[in-house]
Each structure stands twice: as structure tokens, then as C-alpha cells.
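User: I would like to go through this model and ask, term by term, what each description rests on. Please set each value against its cut-off before drawing a conclusion.

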Amino acid sequence: MNPKIARRGSRTLGLLAYLYGPGIRDQHTDPHLVASWDDTAPDPGRDEHALLKDLAHVLDQPVRALPERHRPQRHVWHCSVRAAPEDRLLTDAEWATIARRVVAATGIAPEGDVDGCRWAAVRHADDHIHIIATLVREDGRRPRLHKDAARAQAECRQIERDFGLRRLNPGDGTAAPRPTSAERFKAERHRRQRTPREQLRDAVRQAVAGATSQEEFFTRLTEQGLLVRQRHAPSGDLLGYTVALPGDHNHRGEPVWFSGTKLAPDLSWPRIRARLSPHPVAPVAPPARARAEAADAAWTAASRLDQDDETAAAQLVATGELLDALTTTATAPTRAQITAAARSFERASRSHVHAAHAHAHARALRRAARSVVLAGPALGRGRDGAATAILLSALTLLAVAAHRWHAAHAHHQQAAAALHAAEHLRAAYGIAAARPLAALRAQGRQLPPHRHARHAATLQAALPEGAQRVLAEPGWHALAATLEEVEQSGGDAEALLRQAIRHRELASAHFISDVLTWRLRHLGHLRHVSSPHRPQTTVRRGENTERSTKRPSSQTPRAG
């Protein structure tokens, strides 16, 4: 159940006209009152003798009772309360109870307070109600509405438990602002899949990914085609910035500007500036090497996420940057899933825990993000394809680790967001790993039986409790081929396998063989995955000439 408190207004009758009207898209049906402050308010929806102005008049009486100079300019409080799509259909009596609990929790009309504000709850759809209240109490005082939105959310979490409804994750005030209804309707009118606020949020996050200076950050914004304004102090210091989407105008034809805070709490200029730090100048790495280095940073972060809270918070912020960087360089097959993962993890990258951005692990992730951006897109085959699969495998592990860290700290929304990101990363990994894994499996199937037996014994020695599961997985042949490569390169296959097993837990892995394959290739620096060599066919002299000169039947000249 989701309560949403709108910006305060000044026209009681105007809001009632909308609530009792047909709606923007004729979606309002049977508008009527389900509850009011004393349950005697006139209902223009069910009483043919009652008018909208009658209901507005009684709601506004305490406001008009004050001298005009003491009346609040914006005295109309409006809160919608919406059930989840999968919730059962609530009755009017149940919605009335919900409305009374919400106005009591927010301070509009505390329970037992006969001098509370006047309010009314209107239902014009099956799944939600609107509560309208006037912000002058019966005794002429103002209501105490400090943190009314947070209190409404907390009460709705309790209502979900009491009514057996879908239980949403409680928030902590660090979520990004959602697009308003007006923004959504405007985007649909212009046939945009996402609102300008959402598009700008993505663009700013991608611009800050791995950036080292404010000049680079603003250059990236302008290169994306955004309109950018900077706000400076008299001393010349940068105080803030606003961005706008070209073609997005208000009713006066002016660009619609958004400050960083209006996009997300961590996109304000002070928060961005705290992340910017110069990195040592290094040559641009090839895409495969950039992704391999990023995978190394991701695996390191995943293994050390639970050591220190401030360091962990900084690593999660940097992980969001790495995902944003990967989004800008992803190829078509994986782009949709990687983009969805980055947007999900955006919520998991913020909490009230202070982030120590200067920590080495966070800086390593930001350097990796910068390297990925500078390296550009990677091909989906050969060395690039294997490096992308390794990176996505590492990021999946890191997202799962982030879920556990947030869950341990009761960050419910962030934990759920990290889990959703992990699901999208697994899907992207499945796409990226398909070709290199197929090549490795083919190589593994070509190994002689005695080599297969040797690698199975190595697996049994290193992972006795899970060896049989791995041997039954479709990826066993790829793991065997990788163990063969390790030995052919002079490495200790069993020692390296034990190191790969110690590096991460395997309970969350869908296929243990895949996880171990990519971890082994990363630890053993086996970057390239080549296609298996096809066995050469011996052809006798004369046969090749005959086959090359013989035409298919469709090309055989007809007899004249």
C-alpha cells in the first residue's frame, strides 16, 4: 500500500472537482465519500442534493473562521493511498478505516482529538482513495505535520500486516524522486517510454561514472546533448548545476530544468564532488583488458564488503558507477539486461551510511569504471566475449553480496534492489557467456578419457561435497577444458581450483561449474577462448579436384 502526499494547494473546490470529475482519461468511476472527520459531510457523489461547493464550504469553515491575515496561503492537504495490483478488493468500510488511520498517523486528525483538522476520503476507483484535508484545526491552530510522509509510510506498512495485503519494503528516505503524474502523462503524450526526469537521471549517472574532475563531468553531460547550467558563488566556486532535456519545454516554451537533487539524492553537486578524484594517467586499455581489471576489482570488493560499513558504502557507490559505465559500452545482445541491472542497483548504491570514497577498494572500482568507459564497446566473441562474461559473473557475485550487506543492516529497499540487479546480471551473463562456454565445452568433450578422469579427481579433491553436482552440470566439460589449460600452462590446477572455491561461497550459484570456470580463467590469466580445432580430414589426391569441379544438380547444364 503506497501513500503519496501531494504538494499543498490553495483551492479546496478545485481539488474536489478533480476527485469527483471524470479524470484525465475518464478513469474515475462512481466517486463517493467513504469517510470524513465526523461522518456527516455532504457527499456530492451519492446525495443528489449535495454540491461540490457544499463539501468545500464545510471543509473550509475553520480556515475562514480565522482573520484573513492569519489564514495559511496553501491550506489544502492531499494524500492518495493506493493498494498494490495483487491486493484483494477492499470494501468501502475497509478504506474508511485506512483513511482514519492515515490522518491519525500524519497528525491531520490524531485519534481522540476532537479539535483535529477537517478531512474527507473520496473513492473513485477500486484500488485507491484520496484524502483531502484543510490545514486549520477546529481550535484555530495549525496541525503538526513534521515528517508526515514518513509517518504515512510507516502506518501503511502496519496496515499491510493488519489487512493481509502485500507487504512493501519500508524506505529510509534515500530513494530517488519519482516522476509526477503530470510528467508521466506528458511523456505518454510525446510518445516517450521514459520521463525526462528518468532520462536525465541515467545520463547524469553515466556522466559521473569514473569521472576525475568537474570539467570531465560537465563535458560528458554536454557530449550527451543535454542542456547544462552551472551556479557559481561570487568567489567563482561551483555551487550546483541543473540539466534539461532538449525539446522538453514547459507551457511558456522554456526548458524544464532539474537540479541534481531532484534527480537523486546522490546526484547533488556536493555528493558528486566528494567522489571525484584524479587517477594516475594510464594508456587506454583494450576492452578485454579493461573488463578483466574491472572483474578483479569486483571480486575483491565482493570478498571484503562486510569488513567496514563506511568502506562498504563507498564500494557500493562505486559499483553503481561501474554498472553505469558498462551500460554505455554494452553491445546490443546484453544492453537491455545490463541497463536494467544498473537502474535497479542505483537504489542499492544509496543508504544513510557514510561512504568513505577515498578508500582504496572504492577507488579501484572507480578506476575500473573509467577504464571501461575509455576502452569502449567490446566484441561478443573471442577474448572480448570471455572478458565480458567474467566481468558479469563477478558483478553478479558483488550484487548478491550487496543484497546480504543491506539485508544485515535492515536496508529493505536496497536489499531488494540489489537482488533484482543480480537477476538482470545473471540474464546478461547467460547471453554473454553462451558463445565462449560453447567453445570451452566443445574443447572439453574432445579431451581423452584419461584426462577427463584426471580432472574429475582434481575436482573431487578440491570440492568433495559438491563434486558430483558439478560433474552432472552441463558446464563440466568447460571446467575440464579450463583445468587442462591450467596444467598445459604449467600451473597447479588443484591449488588454483581450491583458491577459486575459497574466494566465494557457492550456494547462490546457479551452476557451480560456470562460476569455477570463469574464476579459474581469471586467476590463471586465461583470457582468450578459442574455437575448438576441427579434426583434419585426409583427402586422397584426385578426390579434391573431383569435388571442386562437380556442380550441384541445380547448376548442372541442361542437355541441349
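Analyst: This is a predicted model. A convenient place to begin is Asp 202, which is found in helix H6 (residues 196-208).

User: Why is Asp 202 called buried?

Analyst: Asp 202 has a relative accessible area of 15%, and buried means under 20%, so Asp 202 is counted as buried. Leaving aside neighbours within four places in sequence, Asp 202 is in contact with Arg 194 and Arg 343. The C-alpha atoms of Asp 202 and Thr 339 are separated by 9.5 Å, although these two residues lie 137 residues apart along the chain.

User: Thr 339 belongs to the contact between H11 and H12. What makes H11 and H12 roughly antiparallel to each other?

Analyst: Helix H11 (residues 309-329) and helix H12 (residues 332-348) pack at an angle of about 160°, their axes being 9 Å apart. Angles over 145 degrees count as roughly antiparallel, and H11 and H12 are therefore described in that way. Their crossing is left-handed. From H11 the contact draws on residues including Leu 316, Gly 320 and Leu 323, and from H12 on residues including Ile 338, Ala 342 and Phe 345. The residues of this contact divide into 8 nonpolar, 4 polar and 1 charged.

User: Which residues of helix H5 are buried, and against what do they pack?

Analyst: In helix H5 (residues 181-189), the buried residues are Glu 183, Phe 185, Lys 186 and Ala 187. They pack against H6 and strand S8 (258-259). Just after H5, Arg 191 takes a positive phi of about 60°.

User: How do you know that Pro 287 counts as buried?

Analyst: The relative accessibility of Pro 287 is 16%, and since buried means under 20%, Pro 287 meets the criterion. Pro 287 lies in helix H10 (residues 287-303). Not counting residues up to four places away in sequence, Pro 287 touches Ala 375, Gly 376, Pro 377, Ala 378 and Asp 384. Of these, Gly 376 is 89 residues from Pro 287 in sequence, while the C-alpha atoms of the two are 6.4 Å apart in space.

User: Turning to the sheet, in what order do the strands lie, and what makes S1 and S2 its edge strands?

Analyst: The open sheet is formed by 5 strands in the order S1-S3-S5-S4-S2, with antiparallel pairing. Strand S1 (2-5) and strand S2 (32-36) are the edge strands, as each pairs on one side only. On average, and with direction ignored, neighbouring strands are turned by 25° against each other. Helix H1 (residues 12-20) packs on the sheet, where it touches S2, strand S3 (76-82), S4 and S5, and the direction of H1 makes about 165° with that of S5.

User: How do you know that S4 and S5 pair?

Analyst: Two strands pair if there are at least two bridges between them, and strand S4 (residues 119-123) and strand S5 (residues 128-134) are linked over 4 bridges, in the antiparallel sense. Val 122 has His 130 as its bridge partner in S5, and Ala 121 stands opposite Ile 131. A hairpin through 4 residues joins S4 to S5. S3 is also joined to S5, by 7 bridges and in antiparallel fashion, with Val 81 standing opposite Ile 129.

User: Why is S5 described as largely enclosed by the rest of the structure?

Analyst: S5 is described as largely enclosed because 7 of its 7 residues are buried. Both of its faces are covered, with His 128, His 130, Ile 132 and Thr 134 buried on one side and Ile 129, Ile 131 and Ala 133 buried on the other.

Key. Residues are numbered from 1 along each chain as its sequence is written. This is a predicted model: local features need pLDDT of at least 70, side-chain atom pairs count only at pLDDT 80 or more; totals for chains, interfaces and linings use all residues. Side-chain values use heavy atoms; hydrogens and water are left out. Axes are lines fitted to C-alpha atoms, for helices over the stretch in contact, and angles run from 0 to 180 degrees between N-to-C directions. Helices (H or I, at least four residues) and strands (E, at least two) are DSSP runs, numbered from the N terminus. Angles under 35 degrees count as roughly parallel, over 145 as roughly antiparallel, 65 to 115 as roughly perpendicular and the rest as oblique. A crossing is left-handed if the near helix is turned anticlockwise from the far one by less than a right angle, and right-handed if clockwise. Contact means heavy atoms within 4.5 Å. Ala, Val, Leu, Ile, Met, Phe, Trp, Tyr, Cys and Pro count as nonpolar, Asp, Glu, Lys and Arg as charged, and the others, Gly among them, as polar. Buried means under 20% relative accessible area, exposed over 50%, partly exposed in between (1.4 Å probe, protein chains only).
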